[in-house]
Amino acid sequence: MARYLVVGGVAAGAAFAAKMRRLDERAEIIIFEKGPHVSYANCGLPYYIGDVIKEEAELLLHTPESLHGRINAQVLVNTEVLSINRAYKSVTAKDLTTGEEKEYAYDKLMLAPGGVAIRPNIQGMELPEVFTIKDVTDTVNIKKFIDDKKPAHATVIGGGFIGLEMAENFHALGIKVALVEATRQAMPPFDYEMAAILHNHLRDKGIDLRLSSTLKSIKKAAKGLELELDKGAVATDFVLMAIGVRPLSKLAHEAGLEIGATGGIKTNQYMQTSDPDIYAAGDAVEVQHFVTGKQQLIPLAGIANKQARAAAFHINGRARTVRPVQGTSVVKVFDLTAAITGSSEKVLKDNNVCYDKVYLHPASHAAYYPGGSPLSIKLLFSRDSGCILGCQIIGKEGADKRIDVISTAMFAHLSIYELGSLELAYAPPYSSARDPVNYAGDVAVEVVKSSYCQFFWNDLENIDYDKVFLVDSRFPSEYKRGTIGKAVNIPLPEIRKRLDEFPRDKDIYIFCQSGLRSYVSSRILRQEGFNVYNLSGGYLSWQIVDKDRKSSQ
Ligand code: FAD
């Protein structure tokens, strides 16, 4: 009878043990978990704080007893694995309640220790009002603090997905929130101009957004805490640090297993470490990125689950390899959903990958059916091969399903040439006869295959009117409400009659609200011999950034 030991009893560890049991009924499986809980829903923790999930028990997918009952594994909670003795194929584990240390032999070992929330080495980190959120115990502590102290103000440090979820959930409790982010944007995997949609929404919801601001120190004040930032200060009642996780690879490192430059454990495509009897999965391992081919840390639950299952299959002689990772993810930010797959533009630039891009703002479902809202889409692709390199979608409705379609298309190596032909479900409450995904593909193909030329929101920053004639092709009523720079208003229906107003010695930069009417105008002008460029994403794309910049001044 084979014996499998599992270090870590949550996402990857529990998934591995459950799959192992289904594949091998006779094996002995022992799970070591240094905390008091196993198999809980990390991803639900912020929503328990915001009272969306009402009961702590709902977060606990299993107790040690129920997990034992379900998969017949020995579940040792409050037990930390201290070392791996590879020569003897054993681990030393310590019962944290009794202090007793014991040796356990293994045939195969799974390392699923996850990561640890990063706490920077600055003054005040040790104060009881400074929290991180990684597990159920952290969550219960935050909840207890809020219930006991009734704080009026919270400061979240870090604008990644956990920071944003926590900001929203504190806000839901009536707590005022400051969100401090060291870079110029929230949601670092997104490009700035897409994250700007979230910035505007967060400010509209009353979040005090402090971008490009770094926390320097935390001090006790007469009432609450005083946070010193490199720019200014914040008076607050408590702090939630959400600046990322570091892989827990120390155990593996001390056992002589190979660790990558990212700090994550190195594995092959079956999740075997440099020791073939030791596997690893989850936040502690590094993964290969689908687009750049680089090794990276991408701590997401779906990735952990797939890796754990691949390892269990491999041990049982069924080869299922893990594929490079696209980083497909989604986050709720108040009324918006922000979703991403593949690489952002900034990552493509950093990796010298040639790309082109389109921005669109189609309606989430047929415009004539009530309740639709715009989706902002940025699609990145290769001009040469048409291969999809990445996509970011933000909107109130339907961003999640569109990103999953694009993610699947990328996974299957479909190109922009196939996106327009995908047969996607349609009825007015859900979509349009030409779904936003079809539309994005069609626009990308137009960019590559026709004489259609685009310009972008950032090309408007230092526009030289001696060389460029900027045209707003929207209706006069829209133009009056606001336009870009010195744009001249020539609406689409008038364009054929007013051709003599377009100078032949300048580039024509044209825009409308979302890019469609000006696209039609640009086709007319191109055929009349003008050198014309259409603003991708139109006035909407420009306005998002303009609003964000004005608010952050
Ligand atoms: P974990 O789930 O963290 O489990 C590792 C376990 O190993 C821990 O319980 C730890 O105590 C234990 N351990 C560590 N060292 C030892 C040792 N030496 N001995 C014994 N036990 C040990 N991902 C998404 O995809 N979508 C989301 O919406 C999402 N939301 C999240 C929200 C929050 C608040 C957090 C914290 C994470 C979220 N994630 C989300 C990330 C996701 O939870 C992780 O990617 C996933 O849990 C990683 O699984 P893991 O098994 O590697 O690590």
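The largest cavity in this predicted model holds about 40 Å³ of space. Its lining is formed by Glu-193, Met-194, Ile-197, Tyr-359, His-361, Trp-457, Ser-541, Ile-544 and Val-545. Two helices stand out: α6 (192-204) and α15 (538-552) each supply at least two of these residues. By class, the lining comprises six nonpolar residues, two polar residues and one charged residue. Over the whole structure, the search returns two cavities of 30 Å³ or more.

The second largest cavity encloses about 30 Å³. Ser-451, Tyr-452, Cys-453, Ser-522, Arg-523, Arg-526, Val-532 and Asn-534 make up its lining. Two or more lining residues come from each of α14 (516-527) and β30 (532-535). The greatest contribution is that of α14, with three residues. The lining of the second largest cavity splits into three nonpolar, three polar and two charged residues.

Open pockets were also examined. The second largest pocket has a volume of about 460 Å³. It is lined by 16 residues, and Ile-197, Pro-374, Ser-376, Leu-540 and Ile-544 are the ones nearest its centre. Elements giving two or more residues to this lining are α6, β25 (388-395) and α15. The classes here are six nonpolar, seven polar and three charged. Ile-197 and Ile-544 appear in this pocket lining and also in the lining of the largest cavity.

Charge pairing was considered next. Side chains of opposite charge can pair when their charged atoms come close. The count of salt bridges comes to 30. In one of them, the side chains of Lys-378 and Glu-345 meet at 2.6 Å, N to O. This pair joins distant parts of the chain, with Lys-378 in strand β24 and Glu-345 in helix α9 (residues 345-350), 33 residues apart. Both Lys-378 and Glu-345 are buried. They also belong to a salt-bridge network that links Asp-191, Glu-193, Glu-345, Lys-349, Lys-357 and Lys-378. Glu-193 of this network is also a lining residue of the largest cavity.

A second bridge connects Asp-277 and Lys-108, at 2.7 Å from N to O. Asp-277 sits in the loop between α7 and β18, whereas Lys-108 is in strand β7 (residues 108-111); the two are 169 residues apart. Lys-108 counts as partly exposed because its relative accessible area is 22%.

A third bridge is formed by the side chains of Lys-223 and Asp-237, at 3.8 Å from N to O. Lys-223 lies in the loop between β13 (215-220) and β14 (225-229), and Asp-237 in the loop between β15 (233-236) and β16 (238-241), so the pair ties together parts 14 residues apart in sequence. The partners differ in exposure. Lys-223 has a relative accessible area of 66% and is therefore exposed. Asp-237 is at 14% relative accessibility, so it counts as buried.

The loop between α7 (250-254) and β18 (278-280) also holds Thr-267. Thr-267 is partly exposed, because its relative accessibility is 25%. The C-alpha atoms of Thr-267 and Ala-281 are separated by 8.5 Å, with their positions 14 residues apart along the chain.

At the surface, Tyr-368, Tyr-369 and Tyr-426 form a nonpolar patch. Together, these tyrosines have about 350 Å² of accessible area. Tyr-369 is placed in the loop between β23 (356-360) and β24 (375-381). With a relative accessibility of 35%, Tyr-369 counts as partly exposed.

Definitions and conventions:
Residues numbered from 1 in each chain as written. Predicted model: local features only at pLDDT ≥ 70, side-chain atom pairs only at ≥ 80, totals over all residues. Heavy atoms only, no water. Patch = residues over 30% accessible without salt bridge, like charges linked within 9 Å, V, L, I, M, F, W, Y side chains within 5 Å. Areas by Shrake-Rupley, 256 points an atom, 1.4 Å probe, with all protein chains shown as cover. Salt bridge = Lys/Arg side-chain N within 4 Å of Asp/Glu carboxyl O. Helix = DSSP H or I, 4+ residues; strand = E, 2+ residues; numbered from the N terminus. Buried < 20%, exposed > 50% of the residue type's maximum accessible area, 1.4 Å probe, protein only. 1 Å grid on protein atoms, 1.4 Å probe; cavity = no way out; pocket = protein on both sides within 12 Å on 5 of 7 lines; lining within 4 Å. Points joined across faces, edges and corners; volume = space filled by probe spheres on them. Nonpolar A, V, L, I, M, F, W, Y, C, P; charged D, E, K, R; others polar.
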